[in-house]
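Please give a short report on this structure for someone who has not seen it before. Cover the overall build, the pockets and the aromatic pairs.

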Amino acid sequence: MPTIRQRTGSLETLARIVSQIVQERNPVVVGGYVNEVSRSAIGVRGISDKVQLGDIVAIRADSQLHPAEVVRLEQTRVLIKPFDDRIVPSLGTPVFPEGPLRIAPAPDWKGRVISALGYPLDSKGPLSAGTDPKPVDCPAPSAMNRGRVERGLRTGVNVVDVFMPMCFGQRMGVFAGSGVGKSTLLAMMTKATDFDTVVLALTGERGREVRDMLEDTMAGKREKTIAVIATGDESPMMRRLAPNTATAIAEYFRDRGENVLLIVDSITRFAHAAREIAIAAGEPPVSRGYPPSVFSQLPRLLERAGPGLESGGTITGIYAVLVDGDDHNDPISDAIRGTLDGHIVLDRGIAARGRFPAVDILGSISRLAQHNWTTEQQKLVTSLRGLVARYEETRDLRMIGAYQAGSDVLIDQAVNLVPLIYDAMQQTPTSPLSQDPYNDLAASLRPKEPS
């Protein structure tokens, strides 16, 4: 006759077998439920010990599952924000954790237009999935393991290639107020022939501009371009996510050994979206309405661009910075300028005079220009900058007739040459890309032979 201990052990074994069978036939999904709804965020109970900050959850609403992100984590509840801000669930709506957001880029993503969540927006069918899904928010490579930025490139835009030349793996900002020509200059730079792949993130832009950019400005270059779109009418969650998604895609192609051009238009709207989310999560504003987390997210995103591991590919990042109220020292512009490897400043006054690209030559700089210039080119550009400086600082004096020709040889030289330099630097999106900007400049400065 079995003892009590034997019978107890048999019952425990049977219970485990029955439990295993039940779980296999009826898998249990552990989730929570909505207990608070507001316009800024949604409170959820029951999943505080199952999620981390930044994880994705699924809300069941209208018989569908909608993605949202955990933006605040507390002992008894979490705050989430849906990626579609039109989702307003009722109290008691189930919520299910899904872990970090991951995407799996593949080589045939080139030529596609996708959303910030990685869904196709064009009519070319579903996207194929790569073999190595990675989180959208990855850390930058270790500083000691990255390659160095030493090899120059040509963008095809004369004023950039002469006065603030760039290198593979450099990160450059284009700073300007609204309507001065940022997007046009960026579109011209996407035509550069030195890159294997172009990843374009349009963040917070007008919906009308998307097709204009893709079908007109980038005509003929679409086959090597991946566009990540989050227009201005989309939620702040999508606008904050789009640059991260674009950077993750660029990292995939960089790790394949390719030279990638990453363009984000604009990084300021990424910061605006991050501000909305942080304030909704309860962070206090500290600098002109920006919470502290915005200033930590910016360098984390920007540092992901650049060279990869030694002898690998590169990400050359160009970021449009929308200067609020034409104040180039606002907190976001100042933080971005201190992180990047150079800045191109567009001036509204130059645009008003009809000179495009409206680049302020004296206010723009490339911190890695020495790797692109020869010794002779560096001397030439330094001399030209001096002429431009003398021309601009005496503009008012000459306008009122207070300067007489012959009083200063350098000013006379500047008056004769700088307008020719400005003419040589003018380009439009329809202009052919320059193959040798120095030859073009020399041809413009060469005295015209009498006919």
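The report below goes from the whole chain to its pockets and then to single residues.

**Overall build**

This is a predicted model, in which local features need pLDDT of at least 70, side-chain atom pairs count only at pLDDT 80 or more, and totals for chains, interfaces and linings use all residues. Residues are numbered from 1 along each chain as its sequence is written, and side-chain values use heavy atoms, with hydrogens and water left out.

The protein chain has 13 helices and 17 strands. Both are DSSP runs numbered from the N terminus: helices are H or I with at least four residues, strands are E with at least two. Along the principal axes, the C-alpha atoms fill a box of roughly 120 × 40 × 40 Å. Of the 451 residues in the protein chain, 49% are buried. Buried means under 20% relative accessible area, exposed means over 50%, and partly exposed lies in between (1.4 Å probe, protein chains only).

**The two pockets**

The largest pocket holds about 670 Å³ of space. It is lined by 28 residues, and G54, E69, D137, R240 and R300 are the closest to its centre. A pocket is found on a 1 Å grid over the protein atoms alone: it is an open set of points where a 1.4 Å probe fits, with protein on both sides within 12 Å along at least five of seven lines, and lining residues have an atom within 4 Å of a point. Grid points are joined across faces, edges and corners, and the volume is the space filled by probe spheres set on the points.

Where does the largest pocket lie? Domain 1 (31-100) and domain 2 (103-370) both give residues to its lining, so the pocket lies between them. The domain bounds come from an automatic or database domain assignment. Strand 4 (64-73), helix 5 (236-255), helix 6 (267-280) and helix 7 (292-302) each supply at least two lining residues. Helix 7 gives the most, with 5 residues.

The second largest pocket has a volume of about 400 Å³. Its lining has 20 residues, with S183, T184, E205, R206 and E209 the closest to the centre. Helix 3 (182-189) and helix 4 (207-217) each supply at least two of them. Helix 4 gives the most, with 5 residues.

The table sets out both linings by class. Ala, Val, Leu, Ile, Met, Phe, Trp, Tyr, Cys and Pro count as nonpolar, Asp, Glu, Lys and Arg as charged, and the others, Gly among them, as polar.

| Pocket | Nonpolar | Polar | Charged |
|---|---|---|---|
| Largest pocket | 16 residues | 6 residues | 6 residues |
| Second largest pocket | 6 residues | 6 residues | 8 residues |

**Aromatic pairs**

The structure holds 4 aromatic pairs. Rings of Phe, Tyr and Trp (its six-membered ring) pair if their centres lie within 6.5 Å; planes under 30 degrees apart count as stacked, over 60 as edge-to-face and the rest as tilted.

One of the pairs joins Y290 and F295, edge-to-face, at 6.1 Å centre to centre with 70° between the planes. Y290 is buried at 3% relative accessibility, whereas F295 is partly exposed at 26%.

The rings of Y391 and Y422 have centres 6.1 Å apart and planes at 80°, so this pair is edge-to-face. It links distant parts of the chain: Y391 is in helix 10 and Y422 in helix 12 (residues 409-425), 31 residues apart. Y391 is buried at 12%, and Y422 is buried at 8%.

**Beside Y391**

T394 lies in the loop between helix 10 (375-393) and helix 11 (395-399). Is T394 buried or exposed? At 7% relative accessibility, T394 is buried. Its side chain reaches the backbone oxygen of Y391 at 3.3 Å.

Methods: A polar contact is a pair of N or O atoms within 3.5 Å; within protein, one must be able to donate a hydrogen and the other to accept it, and residues adjacent in sequence count only if both atoms are side-chain atoms.
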